[in-house]
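Please walk through this structure with me, beginning at one pair of residues and working outwards to the sheet, the helix packed on it and a pocket.

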Amino acid sequence: MINVIIKRHRGSYQSFICTGHAEYAADDTADIVCAGVSAVVINTINCLKDLLEEEVGIDYDQEEGGLITCVFTQPPSDKASFLIDCMIHGLKWIQAQYGEQYLTFEIEEVRSC
C-alpha cells in the first residue's frame, strides 16, 4: 500500500512524504496505481522546483519502500500551495478509482514548523 502524509502548520504546507508500493499488479512494471501516484507526486515536486523555483528539500529511495520526501525550507507561495492542492486532488481521484487498499493519504496539522 502507498501512504502519503501531508503536513501543514496553521494551514501552510510544510512537507509531504510518500512511501510504499501499491502492489496493484504482481509485476511492478504493470502497477498502474504506483505509476499514477509516482507521476502525480514527482510532477508536483518538479513543478515546485523547476517552474516556481521553490526552496524544497527532496529525498527519495525507491528501493527502501518507495520513499519520496519533500520539505519546504521556506513558507510556500500561493502557487506552490495550489500545486499541493492539485496533488491532493489527483491522489483523491486515484484512490477513488482503485481503492483505499492501494493508496491512503492524510493531511496532518502539526504544532510547529
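Which residue in S2 does His-9 stand opposite? His-9 stands opposite Ser-12 in S2. The model is a predicted one, in which local features need pLDDT of at least 70 and side-chain atom pairs count only at pLDDT 80 or more, while totals for chains, interfaces and linings use all residues. Residues are numbered from 1 along each chain as its sequence is written, and side-chain values use heavy atoms, with hydrogens and water left out.

Strand S1 (residues 2–9) and strand S2 (residues 12–19) pair in the antiparallel sense over seven bridges; here strands (E, at least two residues) and helices (H or I, at least four) are DSSP runs numbered from the N terminus, and two strands count as paired if DSSP finds at least two bridges between them. The hairpin that they make has two residues between the strands, and in it Arg-10 takes a positive phi near 50 degrees. Gly-11 also lies in the loop between S1 and S2, and with a relative accessible area of 49% it is partly exposed, a class that falls between buried (under 20%) and exposed (over 50%), as found with a 1.4 Å probe on protein chains only. Although Gly-11 and Ser-81 are 70 residues apart in sequence, they are 9.7 Å apart in space, C-alpha to C-alpha.

Further along the hairpin, Ile-5 stands opposite Ile-17 in S2, and Ile-17 in turn has Thr-69 as its bridge partner in S4, where S2 and S4 pair in the antiparallel sense over four bridges. The whole is an open sheet of five strands in the order S3-S4-S2-S1-S5, with mixed pairing. Its edge strands, each pairing on one side only, are S3 (56–61) and S5 (103–109).

Helix H2 (residues 78–98) packs on the sheet and touches S1, S2, S4 (67–72) and S5, contact being heavy atoms within 4.5 Å. The direction of H2 makes about 145 degrees with that of S5, where axes are lines fitted to C-alpha atoms, for helices over the stretch in contact, and angles run from 0 to 180 degrees between N-to-C directions.

The last feature is the largest pocket, which is lined by 21 residues, with Ser-38, Ile-42, Gln-62, Gly-66 and Ile-68 nearest its centre. A pocket is an open set of points, on a 1 Å grid over the protein atoms alone, where a 1.4 Å probe fits and protein lies on both sides within 12 Å along at least five of seven lines; lining residues have an atom within 4 Å of a point. Helix H1 gives the most to this lining, with eight residues.
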